[in-house]
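Here's a quick tour for someone who likes to poke at coordinates. We'll go from charged pairs to the overall fold, and end at a pocket and a surface patch.

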Amino acid sequence: MKKMIALLLALLMAVGMLAGCAKQNDDTDDTTDKLRIVTTIFPEYDWVKEILGDKADHADITMLLDNGVDLHSYQPTADDIVKISDCDLFIYVGGESEGWVEDALKNSANKDRKVINLLDVLGDKVKSEEVVEGMQEEEHEHEEGEAHEHEEEADEHVWLSLKNAEVLVGAISNALQELDAENKEIYAENADAYVKKLSALDAEYQTAVDNATCKTVLFGDRFPFRYLV
């Protein structure tokens, strides 16, 4: 009787170990199979979700900036750097506020990783930061006494243009199609559907502006809505 009990316990332990190993392998395979996508800000994160659609569960999407965190003052943690190094797709704005990205991209654990710089994708569509009197000094003195003009900075708020968003959604869709060719048609269809929504919303904005009696906007600081306007 004791031998039978001992045998049953041994069998139960063996089954438990096999089940545990199987679960561990399943979890590992599930994590490995998922696309690892890292974005810096919410618009990029939202575009990715729209393009993935029903396939969003097959991706591990990380947005680095938490709610309320300012892009202009954000600094990545060590864990953020690891996520960027390991991911399949990294999407960032590319302006002066994200100067830390260059160093973060130097060491990549995933040699097939794709990187999308929003400003690079838009090219000539990117506007320069608008500077008016009183916002900042137009020039300052070097130690040697020579005057030096400030270099033009790119206006980073490119996502506030719906036309820009259409272009950027297309670029993200293309990257996802290359990374996951098995679902490329789904990503293409989702991107096309979303671009149509963006275009329709842009038309609504244009109609509102065309019918507006007041064409003047007053703003008391740097104007982040230039692309939208």
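Let's start with Lys114, which is partly exposed at 26% relative accessibility. Keep in mind as you read that this is a predicted model. The side chain of Lys114 meets that of Glu178 in a salt bridge, with 2.6 Å from N to O. Lys114 sits in strand β4 (residues 114–117) and Glu178 in helix α6, so this pair ties together parts that are 64 residues apart in sequence. On the Glu178 side, relative accessibility is 56%, and since the cut-off for exposed is over 50%, Glu178 counts as exposed.

Helix α6 has another charged pair to look at. Lys163 and Asp202 join their side chains in a salt bridge at 2.5 Å, N to O. This pair also links distant parts of the chain, as Lys163 is in helix α6 and Asp202 in helix α7, 39 residues apart. Is Asp202 buried or exposed? Its relative accessible area is 18%, and because buried means under 20%, Asp202 counts as buried.

What separates Asp79 and Lys83 along helix α3? They are 4 residues apart in that helix (residues 78–86), which means about one helical turn lies between them. Their side chains also meet in a salt bridge, at 3.4 Å from N to O. Asp79 is partly exposed, with a relative accessible area of 43%, and Lys83 is partly exposed too, at 32%.

Here are those pairs side by side:

| Pair | N to O distance |
|---|---|
| Asp79 and Lys83 | 3.4 Å |
| Lys114 and Glu178 | 2.6 Å |
| Lys163 and Asp202 | 2.5 Å |

Searching the whole structure turns up 5 salt bridges, and the table lists some of them, including Lys163 with Asp202. As a general point, side chains of opposite charge can pair when their charged atoms come close.

One more lysine deserves a look. Lys111 is found in the loop between α4 (101–106) and β4. Lys111 is exposed, with a relative accessible area of 72%. Its C-alpha atom is 8.9 Å from that of Asp88, and the two residues are 23 apart along the chain.

Now zoom out to the fold. The protein chain has 7 helices and 6 strands, and along the sequence they run α-β-α-β-α-β-α-β-α-β-β-α-α. Of the 229 residues in the chain, 31% are buried.

On to empty space. The largest pocket holds about 460 Å³. Its lining has 17 residues, and the ones closest to the centre are Tyr205, Gln206, Val209, Leu228 and Val229. Which helix gives the largest share of that lining? That's α7, with 5 residues, while α6 (162–179) and α7 each supply at least two. By type, the lining breaks down into 11 nonpolar, 3 polar and 3 charged residues.

Some of those names come back on the surface. Leu201, Tyr205, Phe219, Phe225, Leu228 and Val229 make a nonpolar patch of about 580 Å². Tyr205, Leu228 and Val229 belong both to this patch and to the residues closest to the centre of the largest pocket. Val229 lies in the segment after α7 (184–210), and at 72% relative accessibility Val229 counts as exposed.

Definitions and conventions
Residues are numbered from 1 along each chain as its sequence is written. This is a predicted model: local features need pLDDT of at least 70, side-chain atom pairs count only at pLDDT 80 or more; totals for chains, interfaces and linings use all residues. Side-chain values use heavy atoms; hydrogens and water are left out. Patches are made of residues with over 30% relative accessible area and no salt bridge: like charges are joined within 9 Å, nonpolar side chains (Val, Leu, Ile, Met, Phe, Trp, Tyr) within 5 Å. Accessible areas come from the Shrake-Rupley method with a 1.4 Å probe; for residues, only the protein chains shown count as cover. A salt bridge is a side-chain nitrogen of Lys or Arg within 4 Å of a carboxyl oxygen of Asp or Glu. Buried means under 20% relative accessible area, exposed over 50%, partly exposed in between (1.4 Å probe, protein chains only). On a 1 Å grid over the protein atoms alone, a cavity is a set of points where a 1.4 Å probe fits but cannot get out, and a pocket is an open set with protein on both sides within 12 Å along at least five of seven lines; lining residues have an atom within 4 Å of a point. Grid points are joined across faces, edges and corners, and a volume is the space filled by probe spheres set on the points. Ala, Val, Leu, Ile, Met, Phe, Trp, Tyr, Cys and Pro count as nonpolar, Asp, Glu, Lys and Arg as charged, and the others, Gly among them, as polar.
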